[in-house]
Amino acid sequence: QLGSRLPALQIRLIRDGTDANALGHAISDLADAFTQRFIRLAEDSLGKPPMAYAWVASGSQGRREQTVHTDQDNALILYGTADREVFGYFEQLAEQVTTGLDACGFVLCSGEVMARNPEWRQPLDQWERNFKGWIEQPERKSVMLAQNFLDLRCIHGEDALLERLRRRVLTLTRHSTGFMAALAMEALRDRPPQWLPGGRLWRFTRRPPVMNIKQVGILPIVGLARLLALADGVMVLGTRDRIQAAVASGRLSESGGRDLTAAWDCMALMRARHQVRCLE
């Protein structure tokens, strides 16, 4: 019942003049609360966890930039090597939590980047090996996976597991120019279309074309902000916070930081308002 009210909440917040940053924090905090409640319900039904673990969110929930039109991105970091019985416990826990979130409007990830997928339900040392492989061999798929998991935030459990993984990843990335270059190329892959007003193709467009503002506008800024944070060894997660950290370090000019922040604010709010119109 509460999950069904989330779209109405976004409508009310946007109609009341809430900006995209505040909206993202509000929806993400609610997603965290739903997740934590489902985890407790799962532990109540399955019994005490057989080992320490961290339930982590990635993507927009990890950055606290969610809207109601979003899917799940989550994973499990286990403390140590697990036998079949332990893996079975966490398999059931992940299934209960992700299914519950789906019923509440946080739909299942079409790419299966969720804790219910055994690939993203691994011991800490396996996560470290995953990142090491992605960083040392930065093919496009590896870079896309690494990007998603560079936004990890602990929602429930042992935050120290994630902190250890973060320190290891920072050490690896700061010494890998190839991986940083691949991240930069990925951030530049999607560009604003040339048929935008002022673009050289605009005058040849007979009817208003459709633009995916998230893909060609928001995500390039998200990717650039992530790259800047990694270059400085700063593990803040929000796009606006990462841009501000880059300004503070001197890697980005104050005017450049203002422009990027304003662009992100404008496009993210435009997207949220469009969602509201569709919901209404």
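Okay, one term before we start: when I say helix, I mean a DSSP run of H or I with at least four residues, and the helices are numbered from the N terminus. With that in hand, Thr239 is a residue of helix H10. And a quick caution: what you see on the screen is a predicted model.

Let's stay with Thr239 for a moment. Is Thr239 buried or exposed? Buried counts as under 20% relative accessible area, and Thr239 comes in at 0%, so it's buried. Leaving out residues up to four places away in sequence, Thr239 touches Arg63, Glu65, Ile221, Val222, Ala225 and Trp264.

That Trp264 takes us to the partner helix. H10 runs over residues 239-249, and it packs with H11, residues 254-279. At what angle do H10 and H11 pack? About 175 degrees, with the two axes 9 Å apart. That makes H10 roughly antiparallel to H11. If you want to find the contact yourselves, look on the H10 side for Thr239, Arg240, Ile243 and Val247. On the H11 side, look for Glu254, Gly257, Leu260, Thr261, Trp264 and Asp265. Sorted by class, the contact has four nonpolar, three polar and three charged residues.

Leu260 turns up again if we move to helix H9, residues 213-232, where Leu224 is found. Leu224 touches Leu260 and also Ala187, again not counting residues up to four places away in sequence. Leu224 is partly exposed, with a relative accessible area of 29%. And here's one to try with the distance tool: from C-alpha to C-alpha, Leu224 and Ala272 are 21 Å apart in space, and they're 48 residues apart in sequence.

Next up, helix H7. H7 has 16 residues, and from its first C-alpha to its last it reaches 23 Å, close to the 22 Å expected at 1.5 Å a residue. Which residues of H7 are buried? They're Leu161, Leu162, Leu165, Arg166, Val169, Leu170, Leu172 and Thr173. They cover an arc of only 165 degrees around the axis, so they end up on the same side of H7. Now spin the helix around: the face turned away from that buried side carries the exposed residues Ala160, Arg167 and Arg174. As for what the buried residues pack against, it's the strands E1, E2 and E4, plus the helices H5, H8 and H9.

H5 was on that list, so let's look at it too. Helix H5 covers residues 124-136, which is 13 residues, and it reaches 18 Å from first C-alpha to last, close to the 18 Å expected. In H5, the buried ones are Leu124, Trp127, Glu128, Asn130, Phe131, Trp134 and Ile135. Why do we say those residues share a side of H5? Because they cover an arc of only 155 degrees around the axis. What covers the buried residues of H5 includes the strands E2 and E3 and the helices H6, H7 and H8.

H8 deserves a quick stop, with Glu186 as our example, since that residue lies in helix H8. You might wonder about a charged side chain here, but at 12% relative accessibility, Glu186 counts as buried. Glu186 touches Arg140, Val143, Met144 and Gln147, with residues up to four places away in sequence left out.

Let's jump back to the start of the chain. Helix H1 covers residues 6-15, and its buried residues are Leu6, Leu9, Gln10, Ile11, Leu13 and Ile14. What do the buried residues of H1 pack against? Helix H2, residues 20-46, and H11, the helix we met beside H10.

Last topic, backbone angles. Just after H1, Gly17 takes a positive phi of about 95 degrees. Arg64 has a positive phi as well, about 60 degrees, although it is not a glycine. Where is Arg64? In the loop between helix H3 and strand E2. Arg64 is partly exposed, with a relative accessible area of 26%. Then there's Glu112, a residue other than glycine with a positive phi near 60 degrees. Glu112 lies in the loop between helix H4 and strand E3, and Glu112 is partly exposed, at 33% relative accessible area.

That's my tour, thanks for listening!

Notes
Residues are numbered from 1 along each chain as its sequence is written. This is a predicted model: local features need pLDDT of at least 70, side-chain atom pairs count only at pLDDT 80 or more; totals for chains, interfaces and linings use all residues. Side-chain values use heavy atoms; hydrogens and water are left out. Helices (H or I, at least four residues) and strands (E, at least two) are DSSP runs, numbered from the N terminus. The expected span of a helix is 1.5 Å times one less than its number of residues. Buried means under 20% relative accessible area, exposed over 50%, partly exposed in between (1.4 Å probe, protein chains only). The arc is that of the directions from the helix axis to the C-beta atoms. Contact means heavy atoms within 4.5 Å. Axes are lines fitted to C-alpha atoms, for helices over the stretch in contact, and angles run from 0 to 180 degrees between N-to-C directions. Angles under 35 degrees count as roughly parallel, over 145 as roughly antiparallel, 65 to 115 as roughly perpendicular and the rest as oblique. Ala, Val, Leu, Ile, Met, Phe, Trp, Tyr, Cys and Pro count as nonpolar, Asp, Glu, Lys and Arg as charged, and the others, Gly among them, as polar.
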